[in-house]
Amino acid sequence: MAFQAKANYEFSAQGDNQLSLKAGDVIQVTDDSNADWWFGTVGSNQGYFPASYVSKIEGNQQAEQQRQKAAAAERARAEAERKKAAEEEARRRKTLEEERKRKEAEERRRKAEEEERKAAEEQRRRAAEALKKKQEEEARLKAEQERQRKAAEARARKEHEDEERKNKEMAAAAAAAAAPPPSPPAMR
C-alpha cells in the first residue's frame with residue numbers, strides 16, 4: 001500500500017537507482033518491503049532511499065501537509081501576482097519616463113526651432129537696417145554730390161557772368177579809348 005513520507009534529512013543519491021532527498025521533501029512511498037531501503041517518488045524522480053531518513057505522514061500529518069502545500073501554492077500565486085504587478089508598474093513607469101523624455105526632447109527641439117527663427121528674424125532685421133542705412137548714406141552722398149554739383153555750376157555761372165561783365169567792361173573801356181574824343185559843343 002502506497003503512503004507518503006516526509007524527508008527529515010538530506011540524502012544524495014549514490015547511484016542511478018537511488019533517489020536524492022532534501023529535508024522537507026514529501027515522498028510517495030510505493031515499496032516499504034525492505035526495512036532499511038524504501039522505494040518512492042519525488043516529483044518526476046524515483047528510486048531507493050534510506051528509510052531511516054524519513055517519517056511516515058499519518059492522516060493528520062497528511063492534512064497538515066496538504067494545508068502547507070495549499071498555503072505554499074497561495075504564497076506562490078500571491079508572489080506571482082506581486083511580481084506581475086511590479087512588472088506592470090515598471091512597464092508603466094518606463095512608458096511614463098519614455099513619454100517624459102520624448103516631451104522634453106520635443107520641447108528642446110521646439111525651443112531650438114524658436115531660437116533659430118528668432119535668430120533668422122534678427123538677422124533679417126539687421127540686414128534690413130544695414131540696407132536702410134546704406135541707402136540713406138547713398139542718398140546723403142548723392143544729395144551732397146548734387147549740392148556740390150549745383151554749387152560748382154553756380155560758381156561756374158557766376159564766374160562766367162563775372163567774366164562776361166569784365167569782358168563787356170573791358171570792351172566798353174577799349175571802345176571808349178579807341179573812340180575819338182567827343183567834340184566840344186558847338187558854339188553859338
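Modeller: Contact here means heavy atoms within 4.5 Å. The model is a predicted one.

Biologist: Leaving aside neighbours within four places in sequence, which residues is Val 54 in contact with?

Modeller: Neighbours within four places in sequence are left out of this list. With the 4.5 Å cut-off for heavy atoms, the contacts of Val 54 are Ala 5, Lys 6, Ala 7, Asn 8, Leu 21, Ile 27, Trp 38 and Phe 49.

Biologist: Which element gives the largest share of the largest nonpolar core?

Modeller: That core has 13 residues, and Val 54 is among those that touch the most other members, as are Leu 21, Ile 27, Trp 38 and Phe 49. Two or more residues come from each of β1 (3-7), β2 (26-31) and β3 (37-42). The largest share is three residues, and the element that supplies it is β1.

Biologist: In what order do the elements run from the N terminus on?

Modeller: The secondary structure comes to five strands and one helix. From the N terminus on, the order is β-β-β-β-β-α.

Biologist: Is the protein a compact globule or more spread out, and what is its radius of gyration?

Modeller: For 188 residues the globule rule gives 16 Å, and the protein is well over that, so it is more spread out than a compact globule. Along the principal axes, its C-alpha atoms fill a box of roughly 200 × 35 × 20 Å. The radius of gyration is 62 Å.

Biologist: What percentage of the 188 residues is buried?

Modeller: A residue counts as buried when its relative accessible area is under 20%. The protein exposes about 15600 Å², with 52% of it supplied by carbon and sulfur atoms. The buried share of the 188 residues is 12%.

Note on methods: Residues are numbered from 1 along each chain as its sequence is written. This is a predicted model: local features need pLDDT of at least 70, side-chain atom pairs count only at pLDDT 80 or more; totals for chains, interfaces and linings use all residues. Side-chain values use heavy atoms; hydrogens and water are left out. A nonpolar core is a set of buried Ala, Val, Leu, Ile, Met, Phe, Trp, Tyr and Cys residues joined through side-chain atoms within 4.5 Å. Buried means under 20% relative accessible area, exposed over 50%, partly exposed in between (1.4 Å probe, protein chains only). Helices (H or I, at least four residues) and strands (E, at least two) are DSSP runs, numbered from the N terminus. The radius of gyration is taken over C-alpha atoms; the globule rule is 2.2 Å times the number of residues to the power 0.38. Accessible areas come from the Shrake-Rupley method with a 1.4 Å probe; for residues, only the protein chains shown count as cover.
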